[in-house]
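Thanks for coming. Let me put the structure up, and then we'll walk through some of it.

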Amino acid sequence: MAEPAKRNATYGDLLALPEGVRGEIIFGSLYVEPSPAPPHGSAQFSISVEIGGPFQKGRGGPGGWWFMITPELHLGPHVLQPDIAGWRRERMPTLPTTAYVDTAPDWVCEVLSPSTEGRDRGAKRRIYATYGIGHPWYLHPVERYLEVSALREGSWVLIDTFDDATEFRAPPFEAVAFRLADLWPIPPAPPSST
Amino acid sequence: MLEHISRPAAYADLVAVPEHLVAEILYDELVTHPRPNPRGSRAAARIMGALVGPFDIGVGGPGGWIFHDEPELHLGSHVVAPDVAGWRVERLPEIEPGTDVDAFIDTPPDWFCEVISPSTERRDRTTKFKLYAEFHVRHYWLINPATRVLEVYAHCDGAWMLVSTYSGDDTVAAPPFEACPMPLTHFLPLPKRATEGEEPPHG
């Protein structure tokens, strides 16, 4: 039997996915993820709470941002759903009325998991560089670290990687100090023997 | 159970660590992790295997390097046990036959590769970056056999720059070994089943 010719994924393919299934189109390929597992979803919520207060609501911080959880971003031919994204309000003064956002965010946060880390650190990060998303945060809820990079002349520079031990300030939210331990919704697992 | 040490760790503390653990002294703290699991040790063996031919022996490549597998490094007051490390040959003293050899190397490498595992990832991404920068190591590769990702970092202008990231069956042409491009599958074989999460476009 002849193999069907490979074609690039289309937005129609994404719309045809069942309810509750997340899809992304990255360099012409469709990637499907089920809803995130509880630790992942809870970490997304925790970061949103910590950052949203000072930077969206202006409580204990300067405000001036919008945030969305798993927004559908249309960046050129790509359709991405970062775990959290933020926009400075001067770049996007009103929220879109469409089901998607085609203004590139100023910040994204990806919560890493084994099935997505390859794409998060690889193809998606290359797309973020192309669209000038300057300070992606990578949060690993199981290994308990937060990695912050900055885009300099098209290349990623590692700003720092934080663990539970320290209070930290990291771009683009350096106006407020955070404790990484506050981002974790669950206490650390007991040490494993392997 | 290891006794908690509240003073700066000493070499004697490291020697007292049981054989089944790997011990390091980083910023005055004794830290241990289990010996690599089979997936991790295979990745380290493959990396050495892929690089030694062209870059150490000089077959199919320019040579000029010396690699060591799990060496004990004494860098200042730190005792570091990386998975794989490499030195440009002119920077390591020749070992004369018949002479006594120290059990450790105190010349900082030109290149480290750490194989990420759950027990080491946080330290590989935090403490090790800081320490290697202090000792002017210019090249750091992080390879994760579980996610099948290779990250290549280079230290310049006071910061670690992500040079490139490789996954799947990408061709790796990464400093300092860009002279011999090779498929990532030389370091990390592809799994037999289809990559998790991938679905073909609907027809």
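I'll go through two helices, one strand residue and the nonpolar cores. Keep in mind that this is a predicted model.

Start with helix α2 of chain B, residues 38–57. Where does it bend? At B:Leu51, by about 45°. A proline, B:Pro54, follows within four residues. Both B:Leu51 and B:Pro54 are buried. So are others in this helix, including B:Gly40, B:Ala43, B:Ile47 and B:Phe55. What covers them? The cover includes strands β3, β6, β7, β8 and β12 of chain B. Just after the helix, B:Gly58 takes a positive phi of about 90°.

Next, helix α4 of chain B, residues 127–134. Here B:Lys128, B:Phe129, B:Leu131, B:Tyr132 and B:Ala133 are buried. Just past the end of α4, B:His136 has a positive phi of about 60°.

Now the cores. The largest nonpolar core has 44 residues. Which have the most contacts inside it? A:Trp87, B:Tyr132, B:Tyr140, B:Tyr153 and B:Trp160. We just met B:Tyr132 in α4. Apart from that core lies another, of 26 residues. Among its members are B:Ala43, B:Trp111, B:Tyr166 and B:Met182. B:Ala43 takes us back to α2.

Last stop: B:Ser164, in strand β10 of chain B, residues 159–167. Buried or exposed? B:Ser164 counts as buried, because its relative accessibility is 17% and the cut-off is under 20%. Its side chain makes a polar contact of 3.0 Å with the side chain of B:Tyr166. Farther off in sequence, B:Ser164 touches B:Leu150, B:Glu151, B:Val152 and B:Ala174.

That's my tour.

Terms used: Residues are numbered from 1 along each chain as its sequence is written. Chains are lettered from A and ligands numbered from 1 in the order in which they are written. This is a predicted model: local features need pLDDT of at least 70, side-chain atom pairs count only at pLDDT 80 or more; totals for chains, interfaces and linings use all residues. Side-chain values use heavy atoms; hydrogens and water are left out. Buried means under 20% relative accessible area, exposed over 50%, partly exposed in between (1.4 Å probe, protein chains only). Helices (H or I, at least four residues) and strands (E, at least two) are DSSP runs, numbered from the N terminus. A nonpolar core is a set of buried Ala, Val, Leu, Ile, Met, Phe, Trp, Tyr and Cys residues joined through side-chain atoms within 4.5 Å. A polar contact is a pair of N or O atoms within 3.5 Å; within protein, one must be able to donate a hydrogen and the other to accept it, and residues adjacent in sequence count only if both atoms are side-chain atoms. Contact means heavy atoms within 4.5 Å. The bend at a residue is the angle between axes fitted to the seven residues ending there and the seven starting there. Lists of a residue's contacts leave out its neighbours within four places in sequence.
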